[in-house]
Structure formats: structure tokens, C-alpha cells
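Thanks, everyone. I will go through a few parts of one structure, helices first and then strands. Please have the sequence and the model open.

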Amino acid sequence: MKVAVVKESAPGERRVALVPETVPRLVQAGLEVLVEAGAGDGAWFPDGAYTAAGAAITSTDDLYATADVILTVTRPDATAIKRLRVGQAVIGMLSPLTDPHLARDLAAAGVTAVSLDGLPRTLSRTQVMDALSSQANVAGYKAALIAADAYGRFFPLLITAAGTARPAKLLVLGTGVAGLQAIGTARRLGAQVSGYDVRPASKGEVESLGATYIELTSAVSAAGEGGYARELTAEERDAQQAELAGHIARHDVVITTAQVPGRRPPLLVTQDAVRAMSAGSVIVDMGASQLGGNVAGSVPGETIVTANGVTIIGAQHLAASVPTAASNAFSRNISALLLHLVSEGNLAIDTTDEIQAGVVVAHGGEVVHPAVAKLLAAESTTSQGS
Ligand code: NAD
């Protein structure tokens with residue numbers, strides 16, 4: 001079976017789905033590895049490193065004509081989708097819950113679509129395949145670095161002949177994988193760090209990193225299914241925003257990472273909260289998206305400075321901006337999942353398997369993932385009704 005690695009095409013995307021170090025594992029499993037010329041360049045893996053590891057470099061045309069399985073980091077673009085053939089498989093982070101049309105189009109083209117986003121993350125045997133965690137980890141690290149870069153003072157306590165600098169007070173809102181890594185990185189840079197989350201279980205994790213956990217008096221537990229948070233009700237959200245505003249005003253730097261699966265990111269830092277911050281404060285919004293982020297006024301991919309001197313960074317492509325580390329981790333994740341899907345040298349799709357049930361989105365011309373199929377069905381009912 002031929003497994004091919006494409007050159008990513010999304011703007012700002014520098015990662016590659018497979019790094020040379022992982023090639024021998026696939027070759028030993030009887031797979032032939034093809035790599036599109038220049039696929040690893042953005043992450044500093046030259047074509048020569050792939051050939052030395054046992055892969056063959058190929059042109060884009062050859063790749064789509066001959067590959068059985070295509071490995072990608074993010075979704076294939078419109079041109080790539082047109083090139084895909086019946087029976088081919090695509091494995092990557094396809095975000096089917098936010099982009100169900102891609103799943104529908106791939107199913108219509110007879111392509112098997114496998115998305116790492118749907119992996120059941122709490123099984124110990126899936127840890128090695130967990131690309132959401134590995135990429136969030138990289139992004140959280142980078143968020144702390146860009147916050148430090150944008151902040152006009154030191155993060156650590158510094159006592160010098162020219163005076164003493166107090167440590168920066170940094171608050172992380174949303175302490176999942178990315179938030180915990182942001183806490184760890186900011187602590188290593190010497191900041192005084194606090195963390196907050198709606199899942200009470202995260203208290204111990206925040207404290208184990210040496211940060212202070214903020215508990216709100218208006219707190220409700222919003223632990224949802226599978227370790228994720230649920231969406232807050234309007235009253236819960238209002239109470240949370242109002243109480244958080246006081247904490248936010250006492251901090252110099254805020255990093256927000258809050259997400260609720262399949263929903264737009266919750267607003268945690270309101271316009272009033274931004275107005276109450278001191279000039280020179282910095283906010284990094286990791287939830288920034290076209291639909292709105294965790295911070296009022298944040299713009300994805302842009303840095304704005306408010307009238308009261310607060311820098312708001314709409315963080316985007318954070319994992320892609322640490323491309324070598326992010327690709328190394330992603331490569332281990334995707335190859336572990338691929339090997340789980342392969343039996344006797346071929347892809348063996350079986351959605352009765354717990355792991356496959358989560359990741360296989362389209363197969364045999366159908367959208368087979370129940371949650372994605374439900375989204376598409378709801379959409380077609382709405383469009384028929386209107
Ligand atoms: P995520 O990216 O979905 O969300 C980031 C954080 O935002 C989460 O901690 C979430 O609770 C928080 N959040 C959501 N709404 C919020 C709000 N209104 N206010 C404040 N915070 C809010 O989450 P993630 O980083 O992917 O992790 C989700 C969970 O899955 C965590 O419990 C994590 O430890 C767990 N997880 C477990 C495993 C495992 O068991 N091996 C692996 C990966 C993740």
C-alpha cells in the first residue's frame with residue numbers, strides 16, 4: 001500500500017504530516033512511503049532526509065495518481081479534493097464538526113476520510129495518537145512566548161543595580177492541554193501565574209504546576225462529557241464574565257484558551273474587562289476565530305492596541321509557527337493511528353472498533369460518523385424548510 005505525504009497548502013501552514021524519523025516504522029510495516037517534493041521544507045526537513053529514511057520523493061500529479069492513503073495535517077484544499085480518486089483515503093485533522101461539508105464532499109467522491117480530531121482521547125492506547133493534545137501543547141507554549149514578546153516589561157523578578165522589576169502577573173483562562181502548557185512556560189520565564197477553568201478537576205493540575213487556582217464565588221461546575229467543558233447558560237456566563245473582570249484587571253498578561261467542542265469559543269474577557277486593564281497589559285486570545293473568540297474585540301491573525309493601551313493578540317497558527325516540534329509530534333500521532341488502521345498491509349476500515357468509530361468520518365460513499373451525519377441532516381432539514 002502506498003502512503004503519501006502532501007505539501008500543506010493552507011496559508012501560514014509550515015507543518016508536515018510525517019517527518020523522516022517516522023518513515024522507517026511505516027516501511028517496516030510493509031508500507032511504501034511517497035513524499036511530495038518540498039513537503040517538509042517549511043519544517044526544515046529536506047527531501048534528502050526523506051529519501052535517506054526510505055521514502056520516495058514524488059511529483060504532485062504522481063502522488064494523487066498512485067497513492068492509496070494521503071497523510072495531511074489540515075484539510076485538503078479545493079484543488080486537492082478534485083484530484084482525489086474513489087477508494088483513496090485521506091487522514092488528517094479535518095475538523096468535521098466545524099466543517100461537515102468537507103466530509104460530505106469526500107464521501108461523494110468515494111474517498112475514505114479519517115480525522116484525528118475525533119479520536120477517543122481518554123483511552124490509554126490512544127495517547128500516542130492524540131494530535132489535538134500534541135498540537136495544543138505546542139500552541140500553549142508559543143502563546144506564552146508571544147505574550148512575553150509583546151509585554152513591555154520583564155516576566156521574572158529581576159533585582160539589578162538599575163532597580164528592581166516585579167514579576168509579571170499572568171492569568172490563564174481555560175486550563176486544558178494548551179492552558180497548562182502556557183502556565184508551565186510562563187512559570188519557567190518567571191511570571192507569577194494564576195489559572196482558571198470551569199472544570200473543577202483542573203484545580204489540582206494548575207496547582208501542581210506551581211500556579212494559583214482562581215475559584216469564582218459564582219462558580220458552577222461545567223464539566224461536560226469526555227473531560228470537556230459544556231457550554232454555560234446565559235446566566236452562568238454573565239456571572240462568570242462579571243466576576244472574572246475583577247481578576248483580569250489585577251493581571252498584566254492574560255492568555256485565553258477556552259473551547260467547547262462543536263461550539264463557538266465562549267467570551268470570557270468582555271469589553272468592560274479590557275477597559276479595566278492597565279496600559280501596557282497584554283492579552284493573547286487562543287480562541288480567536290472568525291465567529292468571535294474568548295476576548296471582546298480580538299481579530300484572528302491580528303494584533304490590536306485598544307484606546308486604553310491594552311494589546312490584544314488574536315493568535316492564529318500557533319502550532320504551525322513551531323513547525324519542527326509540532327510536525328515531530330504530529331508524525332508520531334498520525335503514524336500510530338495509521339498503523340492501527342492497517343491490517344496485512346492494507347487499510348481495514350471497521351467502525352465497530354472504538355477508535356475507528358471516532359475517527360472514520362466518510363467511507364464507502366457515505367458520511368459514517370454519526371455526529372457529522374446528524375449535523376448534515378439538520379442542515380438539509382433547515383434548508384428544505386426555508
Ligand atoms: P479544549 O481545547 O476543548 O478547551 C480548553 C479548556 O477550556 C478546557 O480546559 C475547558 O474546560 C475550558 N473551558 C471551556 N469553556 C470555558 C469557560 N466558559 N470558562 C473557562 N474555561 C472554559 O480542551 P482540551 O485542552 O482539549 O482538554 C479537554 C479535557 O480533555 C481536559 O480535561 C484534558 O485534561 C482532557 N484530556 C484528557 C486526555 C486523557 O485522558 N489522556 C487527553 C487529552 C485531553
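Start with two helices, H6 and H7, which are oblique to each other. What you have on the screen is a predicted model. Why oblique? The axes of H6, residues 131–150, and H7, residues 177–188, cross at roughly 40 degrees, and angles under 35 degrees would count as roughly parallel while 65 to 115 would be roughly perpendicular, so this pair falls into the oblique class. The two axes come within 7 Å. As for handedness, the crossing of H6 past H7 is right-handed. On the H6 side, the contact is made by Ser133, Ala136, Asn137, Gly140, Tyr141, Ala144 and Leu145. From H7, the residues taking part are Val177, Ala178, Gln181, Ala182, Thr185 and Ala186.

H6 also meets helix H11, residues 323–341. Here the axes come within 9 Å and the crossing angle is roughly 170 degrees, which makes H6 roughly antiparallel to H11. Ala131, Ser134, Gln135 and Val138 are the H6 residues in this contact, and they meet Ala326, Ala329, Phe330 and Asn333 of H11.

Now the strands. Is strand E6, residues 112–115, covered on one face or on both? Both: Thr112 and Val114 are buried on one side, and Ala113 and Ser115 are buried on the other.

E6 has strand E5, residues 89–92, as a parallel partner, and four bridges join the two. Within that pairing, valine 90 has alanine 113 of E6 as its bridge partner. To get from E5 to E6 the chain goes through helix H5, residues 100–108, and this β-α-β crossover is right-handed.

E6 also pairs with strand E18, residues 360–363, this time in the antiparallel sense and over two bridges. The bridge partner of valine 114 in E18 is valine 360. So that you can find them: alanine 113 is the E6 residue bridged to valine 90, and valine 114 is the one bridged to valine 360.

Last, a single residue. Lysine 203 sits in helix H8, residues 202–208. Is lysine 203 buried or exposed? Neither: its relative accessible area is 28%, and because buried means under 20% and exposed means over 50%, that value counts as partly exposed. Leaving aside residues up to four places away in sequence, lysine 203 touches Tyr213 and Glu215. Threonine 233 lies 30 residues from lysine 203 in sequence, and the C-alpha to C-alpha distance between them is 22 Å.

Key. Residues numbered from 1 in each chain as written. Predicted model: local features only at pLDDT ≥ 70, side-chain atom pairs only at ≥ 80, totals over all residues. Heavy atoms only, no water. Buried < 20%, exposed > 50% of the residue type's maximum accessible area, 1.4 Å probe, protein only. Pairing = 2+ DSSP bridges. Right-handed = clockwise from strand over helix to strand, strands pointing away. Axes fitted to C-alpha atoms, helices over the stretch in contact; angles between N-to-C directions. Parallel < 35°, antiparallel > 145°, perpendicular 65-115°, else oblique. Left-handed = near helix turned anticlockwise from the far one by under 90°. Contact = heavy atoms within 4.5 Å.
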